[in-house]
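Biologist: I am new to this one and would love to go through it with you. Could you show me the structure, so that I can ask how each label was earned?

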Amino acid sequence: MKKLYFLLTMLLTLNGFGQNVTITKIIETDCSDPYVKSVELYVDGTVNFATDVTLNYMQNGDPWSNIQIDVSSFGTISNKFVYIVRDLALMQTEFPGTTFDTSNTIVEESRSTNGDDGYQVVLSGNIVSQFGKTETDADDDTVWEHDDSVVSRKSGIEDTGA
């Protein structure tokens, strides 16, 4: 019986650590129109965005809970990149080596990040990835300000959710 209990515990533990969603890139340019603005996430394992993921958007240092970007239409995703973009046709033109389509891209036209906004991924109630200092406008804390830039997660650095 102890062996069965141990095996069941191990399976549940492995299953719990087998998935994650990480912010891997943020693109924010100074183009006013058309907007080249994008957030790239990498899904490790299998994740149901409709039930398990919240993408919080911190605008100008406001609380994370004020704005959520609806990512539920991704549905269930396994081991691939997904994108939240402002202008789909523009992203397809500017990045022809990347596939942007309905299976991996959500168009979010109402958000026009301006280099001082943050993003936070919550998976099953736990913060798993965050870009931005909580309730801090990057205009007031230039360590993470990203006006007119591309910000990429450094390879090999573990995402602690902070």
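Modeller: Happily, and let us start at Val71. In this predicted model, leaving aside neighbours within four places in sequence, Val71 is in contact with Phe49, Val53, Leu55, Ile84 and Ile106.

Biologist: What makes those residues contacts of Val71?

Modeller: The cut-off is a distance: heavy atoms within 4.5 Å count as a contact, and Phe49, Val53, Leu55, Ile84 and Ile106 are the ones listed for Val71 once close sequence neighbours are set aside. Val71 also belongs to the largest nonpolar core, which has 24 residues. Along with Leu41 and Phe49, Val71 touches the most other members.

Biologist: Which elements give two or more residues to this core?

Modeller: They are strand S1 (20–28), strand S2 (37–48), S3, strand S5 (76–85), S7 and S8. S2 gives the largest share, four residues. There is also a second, separate core of seven residues, including Ile27, Val36, Met91 and Phe100.

Biologist: Why are nonpolar side chains found together like this?

Modeller: As a general tendency, nonpolar side chains in soluble globular proteins are buried together.

Biologist: How do you know that S7 is mostly covered?

Modeller: Buried means under 20% relative accessible area, and six of the six residues of S7 are buried. Gly118, Gln120 and Val122 point one way from S7, while Tyr119, Val121 and Leu123 point the other way.

Biologist: Which strands sit beside S7 in its sheet?

Modeller: The order is S4-S3-S7-S8 in an open sheet of four strands with antiparallel pairing, so S3 and S8 flank S7. S4 (68–69) and S8 (126–131) are called edge strands because each pairs on one side only.

Biologist: What makes S7 and S8 a pair?

Modeller: A pair needs at least two bridges; S7 and S8 are joined by five and run antiparallel, so they qualify. Within this pairing Gln120 stands opposite Gln130. S3 and S7 pass too, with six bridges in the antiparallel sense, and there Thr54 stands opposite Val122. In the hairpin of S7 and S8, two residues lie between the strands, and Ser124 takes a positive phi near 50 degrees.

Biologist: How many aromatic pairs are there?

Modeller: The count comes to four. In one of them, the ring centres of Tyr57 and Tyr119 are 5.4 Å apart, with the planes at 50 degrees.

Biologist: Why is the pair of Tyr57 and Tyr119 called tilted?

Modeller: The centres, at 5.4 Å, fall within 6.5 Å, so the rings count as a pair. Stacked would need planes under 30 degrees apart and edge-to-face over 60; at 50 degrees the pair is therefore tilted. The pair links distant parts of the chain, Tyr57 in S3 (53–58) and Tyr119 in S7 (118–123), 62 residues apart. Both Tyr57 and Tyr119 are buried.

Biologist: Why does Thr160 count as exposed?

Modeller: Exposed means over 50%, and Thr160 has 60% relative accessibility, so Thr160 counts as exposed. Thr160 is in the segment after strand S9 (149–152), and its C-alpha is 8.5 Å from that of Gln130, 30 residues apart in sequence.

Biologist: Which elements have the lowest and the highest mean pLDDT?

Modeller: Helix H1 (residues 2–16) has the lowest, 40, and helix H2 (residues 49–52) the highest, 98. Over residues 1–16 the pLDDT is below 50, and this stretch has zero contacts beyond near neighbours in sequence. Where pLDDT is low, predicted coordinates should not be read in detail. For the protein chain the mean is 82, with 78% of its residues at 70 or more.

Methods: Residues numbered from 1 in each chain as written. Predicted model: local features only at pLDDT ≥ 70, side-chain atom pairs only at ≥ 80, totals over all residues. Heavy atoms only, no water. Phe/Tyr/Trp six-rings, centres within 6.5 Å; stacked < 30°, edge-to-face > 60°. Buried < 20%, exposed > 50% of the residue type's maximum accessible area, 1.4 Å probe, protein only. pLDDT = per-residue confidence, 0-100. Core = buried A, V, L, I, M, F, W, Y, C linked by side-chain atoms within 4.5 Å.
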